Structures are given as C-alpha cells and as structure tokens.
Amino acid sequence: MREKLVVLTGAGISAESGLATFRGSDGLWEGHRVEDVASPEGWARNPELVLDFYNQRRQAARLAQPNAGHLALVALEQAYDVVIVTQNVDDLHERAGSSHVIHLHGKLMESRSTRHEELVYPMTSDVIQLGDVCEKGHQLRPNIVWFGEQVPLMEQAMQEAATADVFLVVGTSLQVYPAASLLHYTRPDCPIYIIDPNQPPVSAGPNVHFVREPATTGVPRVAQELLSGN
Ligand code: APR
C-alpha cells in the first residue's frame with residue numbers, strides 16, 4: 001500500500017504566485033483589518049465592503065498561476081497517496097493538478113446563501129453583488145469560513161493527519177486555530193517537514209525538519225528527497 005502524505009498549506013504557498021499573505025508586516029490584509037473583511041460582524045456592519053474585497057481577491061486569484069511549490073505537491077502523487085489540507089481559498093492546488101484537496105476555510109470560487117448554508121453555488125462570474133440571491137431569495141455571500149465560524153471540514157482533516165505517514169507544513173504562520181492544531185494529531189513517529197522562510201511556532205524534535213526556504217524552492221527540494229527515498 002502507498003504511504004499517505006498529508007500537506008497543510010497556508011497563504012505562503014501562493015505568495016510567489018502573487019497573492020498576498022494575511023499577516024503582512026503592516027498587520028493588514030490588502031489594506032484591511034482582517035476582522036473587517038473576514039468575520040460575521042464585519043459582514044453585518046458593511047456587506048458591500050466585504051463583497052468588494054472578495055470580488056477583488058477572486059479576480060486576483062483567477063489571474064494568478066500555480067507555482068513550483070504547488071506543482072511539486074502534484075509530483076508527489078507519483079509515489080504517495082497525497083492529501084492537501086489547505087487554509088487557502090484560492091484554487092491554485094486544483095489548477096496545478098492536485099487530486100485531493102480539502103479547503104478548510106472554504107473556496108473563493110463558490111458563493112453560498114446567507115440563510116441556508118447548504119445552498120452553495122459555483123461562481124460563474126468574479127463578482128457577488130448586493131441583491132444577488134440564492135434560489136430561496138436570500139443574499140449570497142462568499143463560501144468562506146470567517147473568524148468565529150465553524151470549520152466543518154476539520155474532523156475530516158484531523159482523521160487525515162492522524163493517519164499520515166509523512167506530514168508537510170508549507171507557508172502558514174500557524175496562528176489560526178483549529179487549523180494550527182492539526183500537527184498535534186500526527187503519530188509520534190511521523191516525519192514532519194516545515195517549509196517556510198520564517199519559522200512558525202513548532203517545537204523541534206527528532207522527526208521535525210525545518211526547511212527555511214520559500215515554497216518554490218523548498219517544496220521541490222523536499223519532494224525530490226522524498227521521491228528518491230521511495
Ligand atoms: N514560501 C513559503 N512560505 C512563505 C512565503 C513563501 N514564499 N512567503 C511567506 N511565507 C510564510 C510566512 O512566513 C508565514 O509563516 O507564509 C506564512 C503566511 O502566514 P499567514 O499570512 O498568517 O497565512 P496563513 O497561516 O495561511 O493564515 C491562516 O488566517 O486570515 C486567516 O483564514 C485566513 O486561512 C487564513 C488563516
């Protein structure tokens with residue numbers, strides 16, 4: 001049986017595709033406080049601002065291309081059963097060709113009803129506007145998990161982490177829970193590779209390998225190492 005390789009990715013893997021990370025040096029996300037554009041309270045205060053913000057993110061994501069980091073994760077499928085658990089809402093993993101991607105924080109390219117959570121629609125344009133409604137007549141919003149909201153796919157992600165033979169963490173500051181807790185569900189002897197130019201808060205251990213490099217060089221390097229050892 002093939003070994004299972006689970007990868008937790010964050011904004012850093014898409015940084016070199018031109019998409020901004022969340023926690024830039026100014027603490028803002030594209031000029032906004034995260035709580036203004038990514039929380040139910042922000043939505044209640046100013047839905048138009050939130051829609052505009054995600055409309056812009058969607059346009060940027062559509063223009064961006066997968067980079068060597070995304071592609072190296074696809075190459076790992078030659079030898080491993082690869083499961084990507086991403087905090088990213090862009091679709092660069094899918095567009096690179098990865099076949100099993102769990103979007104913990106939702107998807108930019110989907111809208112959903114504000115009233116009926118189960119009514120989710122693929123986006124046919126880049127824009128959601130005030131007045132765009134679901135089939136039951138309620139306003140649409142981005143299908144994104146905001147701060148303070150449940151993370152419905154967390155249980156599934158925990159099961160993947162618990163059965164991983166190798167675990168990679170790429171481009172996440174591990175500041176946001178519950179995603180950051182996934183590492184704690186790995187088996188004690190599971191090798192863990194942390195690929196990030198800045199070291200996130202993970203304790204060193206005999207099976208923890210820090211690769212302090214950008215995703216476009218660090219992920220291909222680790223992938224090559226894993227593929228040549230298999
Ligand atoms: N290659 C790899 N990692 C990089 C690169 C790069 N080229 N550039 C930056 N990084 C790293 C940073 O060092 C940092 O550790 O990517 C990480 C980005 O961290 P955040 O901006 O906090 O993004 P992320 O961890 O994905 O945020 C988690 O927070 O705002 C919410 O819901 C949102 O999913 C998001 C969650």
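**Exercise 1.** Is S173 buried, partly exposed or exposed?

*Solution.* Start with the setting. This is a predicted model, where local features need pLDDT of at least 70, side-chain atom pairs count only at pLDDT 80 or more, and totals for chains, interfaces and linings use all residues. Residues are numbered from 1 along each chain as its sequence is written, and side-chain values use heavy atoms, with hydrogens and water left out.

Step 1: recall the classes. Buried means under 20% relative accessible area, exposed means over 50%, and partly exposed lies in between (1.4 Å probe, protein chains only).
Step 2: read the value. S173 has 33% relative accessibility, so S173 counts as partly exposed.
Step 3: place the residue. S173 is in the loop between β7 (166-170) and β8 (192-195). Strands are DSSP runs of E with at least two residues, numbered from the N terminus.

**Exercise 2.** Describe L174 and P178 in the loop between β7 and β8.

*Solution.* Step 1: take L174. Its relative accessible area is 8%, so L174 is buried. Phi of L174 is near 55°, a positive value in a residue other than glycine.
Step 2: take P178. A cis peptide bond joins Y177 and P178, with omega about 5°.

**Exercise 3.** Find the strands that pair with β2 (residues 81-86).

*Solution.* Step 1: use the rule. Two strands pair if DSSP finds at least two bridges between them.
Step 2: check β1 (residues 4-9). β1 and β2 pair in the parallel sense over six bridges. K4 has D81 of β2 as its bridge partner.
Step 3: check β3 (residues 101-103). β2 and β3 are also parallel, over three bridges. Here I84 has V101 of β3 as its bridge partner.
Step 4: look at burial. Five of the six residues of β2 are buried, so β2 is largely enclosed by the rest of the structure.

**Exercise 4.** Describe the surroundings of the ligand.

*Solution.* Step 1: list neighbours. There are 20 residues around the ligand (a heavy atom within 4 Å). R23, H105, T172, S173 and D196 come nearest. The C-alpha atoms of S173 and D196 are separated by 8.6 Å, though the two residues are 23 apart along the chain.
Step 2: list polar contacts (here, pairs of N or O atoms within 3.5 Å). A polar side-chain atom of E16 lies 2.9 Å from a ligand nitrogen atom. A polar side-chain atom of N198 lies 2.8 Å from a ligand oxygen atom.
Step 3: judge the cover. The protein covers 89% of the 740 Å² of accessible area that the ligand has on its own (Shrake-Rupley method, 1.4 Å probe).

Notes: Helices (H or I, at least four residues) and strands (E, at least two) are DSSP runs, numbered from the N terminus. A polar contact is a pair of N or O atoms within 3.5 Å; within protein, one must be able to donate a hydrogen and the other to accept it, and residues adjacent in sequence count only if both atoms are side-chain atoms.
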